[in-house]
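Let's take a walk through this model together. Keep the sequence and the 3D view side by side as you read.

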Amino acid sequence: MHQNLTPTHPISTPLVGTVIAVQANFCQVQIDPVTEAVGGKLILCTRRARLQKIGVSAIVGDRVTIDEVDWQGERGVVVDVFPRHSLLDRPPVANADRILLVFALAEPALDPFLLSKFLVKAESTGLQVSLCLNKSDLVTEIQRQEWCDRLSAWGYQPIVISVETGVGVKELQLELDRQITVFAGHSGVGKSSLTNALIPDSNIRVATVSGKLSRGRHTTRHVQLFTMPTGGLIADTPGFNQPDIACTPTELPRYFPEIRQRLAIAHCQFSDCTHRDEPNCVVRGDWERYAHYLEFLADSIAWEQQVQSQPKLENSLKQKSGVGKKQYEPKLDSKYRQISRHTLIQSIDELTEELDDD
């Protein structure tokens with residue numbers, strides 16, 4: 001039966017809510033619980049033309065203001081997008097608080113190098129990073145403890161769970177309360193199954209692990225936020241197998257807790273030390289992920305060289321006219337911009353010269 005969204009009492013607009021899904025030119029907004037009548041209601045919204053002209057888009061996780069609400073038709077218009085305190089480009093999620101890396105202890109087997117690459121990518125977002133190890137029922141207690149000890153040396157305290165048996169799921173739910181958490185990890189580790197366990201009403205499609213490739217099929221097609229019973233929001237994101245190393249060689253050491261720990265108590269001889277072959281380096285040494293660091297360093301050097309060789313894109317901001325403190329505003333899309341007076345006069349002069357020559 002279709003749910004009647006019409007409030008029993010008049011509700012003043014505009015209203016504030018969170019974008020929980022985006023598809024084409026529409027977004028689904030969950031209204032804040034300002035009143036019992038509209039709290040948690042979902043409204044399908046378009047974007048006001050003014051926002052489109054200045055290039056302001058609404059993505060999953062954005063806090064937005066909506067107006068012109070048609071309660072009977074469950075429709076509205078996004079008229080403003082709040083400033084974001086965080087932004088992920090892949091997957092596109094705004095205002096996330098935490099990255100939860102979900103890996104399996106078995107089926108597929110836990111690959112230390114792949115896990116390390118995911119951890120570096122997660123650390124580069126600047127968000128809080130947590131690590132969840134699923135399918136604990138498929139390994140022995142000794143194997144679980146060995147992995148926990150190993151990852152502790154990396155600087156992480158993993159949360160060990162089993163979606164199949166329910167072990168650790170309730171504790172994880174409390175850990176993620178009142179935050180926007182982005183699930184990440186390669187396919188087949190149980191991200192969608194975990195979301196279904198945390199939010200029984202989410203009904204995310206789950207696929208089995210491919211026996212030939214020992215990895216899962218991609219079951220999540222787009223980014224969407226799901227609300228947990230305790231109030232937190234989960235972004236179940238499209239799976240991807242190989243996160244890229246998109247950072248400079250200077251930034252890379254910050255994404256290793258082991259390096260941060262060493263540099264907190266000592267200093268290398270050179271301020272621009274790459275921790276590779278420089279003398280008196282306090283980072284270089286016998287720690288497990290040092291080989292991973294060297295390989296990622298080569299990737300980051302190649303990435304930096306590629307970025308430097310690309311032409312610079314036009315700045316998307318312009319300085320507002322006037323005196324006093326500098327202020328900037330988004331530039332209009334090129335198709336909406338007026339031709340500047342200088343360019344127009346220059347074009348007329350060139351045309352006049354051509355006519356004179358003729």
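What follows goes from the core to a recorded site, then to the rings and the charged pairs.

First, some ground rules. This is a predicted model, so to speak of local features a pLDDT of at least 70 is needed, side-chain atom pairs count only at pLDDT 80 or more, and totals for chains, interfaces and linings use all residues. Residues are numbered from 1 along each chain as its sequence is written, and side-chain values use heavy atoms, with hydrogens and water left out.

Let's start inside. A nonpolar core here is a set of buried Ala, Val, Leu, Ile, Met, Phe, Trp, Tyr and Cys residues joined through side-chain atoms within 4.5 Å. As for "buried", that means under 20% relative accessible area, while exposed means over 50% and partly exposed is in between (1.4 Å probe, protein chains only). The largest nonpolar core has 33 residues, and the members touching the most others are Ile99, Leu101 and Leu115. Several elements give two or more residues to this core: strand 1 (15–23), strand 8, helix 2, strand 9 (128–134), helix 3, strand 11 (180–184) and strand 15. Helices (H or I, at least four residues) and strands (E, at least two) are DSSP runs, numbered from the N terminus. Helix 2 supplies the largest share of the core, 5 residues. At least three residues come from each of domain 1 (15–83) and domain 2 (93–201 + 221–236), with the bounds taken from an automatic or database domain assignment.

Which residues does Leu115 contact, leaving aside its neighbours within four places in sequence? They are Phe103, Leu110, Leu131, Leu151 and Trp154, where contact means heavy atoms within 4.5 Å.

Now look at Ala106, in the loop between strand 8 (98–104) and helix 2 (112–123). Ala106 counts as buried because its relative accessibility is 14%. Beyond its neighbours within four places in sequence, Ala106 is in contact with Lys135, Leu138 and Val139. The C-alpha atoms of Ala106 and Asp137 are separated by 9.1 Å, and these residues are 31 apart along the chain.

Next comes a site taken from a record. UniProt, in an unreviewed entry, lists Cys268, Cys273, His275 and Cys281 under "binding site". UniProt positions are given in the numbering used here, feature names are shortened, and annotations may be inferred rather than shown by experiment. Cys268 sits in the loop between helix 6 and helix 7, and so does Cys281. Cys268 counts as buried because its relative accessibility is 14%; for Cys281 the value is 11%, so Cys281 counts as buried too. Setting aside neighbours within four places in sequence, Cys281 is in contact with Cys268, Cys273 and His275. On the same basis, the contacts of Cys268 include Leu263, Asn280 and Val283.

On to the rings. Rings of Phe, Tyr and Trp (its six-membered ring) pair if their centres lie within 6.5 Å; planes under 30 degrees apart count as stacked, over 60 as edge-to-face and the rest as tilted. The whole structure has 7 aromatic pairs. One of them joins Phe256 and Trp287, edge-to-face at 6.2 Å centre to centre with 75° between the planes. This pair links distant parts of the chain, 31 residues apart: Phe256 is in the loop between strand 15 (233–236) and helix 6 (257–265), and Trp287 is in the loop between helix 6 and helix 7 (290–309). Trp287 also pairs with Tyr290, and that pair is tilted because the planes are at 55°, with centres 5.6 Å apart. Trp287 counts as buried because its relative accessibility is 8%, and Tyr290 counts as buried at 10%. Ring pairs link Phe113, Phe256, Trp287, Tyr290, Tyr293 and Phe296 into a cluster.

Finally, the charges. Side chains of opposite charge can pair when their charged atoms come close. A salt bridge is a side-chain nitrogen of Lys or Arg within 4 Å of a carboxyl oxygen of Asp or Glu, and the count comes to 10. Arg48 and Glu68 meet in one of these, at 2.2 Å from N to O. Another joins Arg150 and Glu288 at 2.5 Å, N to O. That second pair links distant parts of the chain, with Arg150 in helix 3 (residues 141–154) and Glu288 in the loop between helix 6 and helix 7, 138 residues apart. Is Arg178, which forms a salt bridge with Asp177, buried or exposed? Arg178 counts as exposed because its relative accessibility is 71%, whereas Asp177 is partly exposed at 23%.
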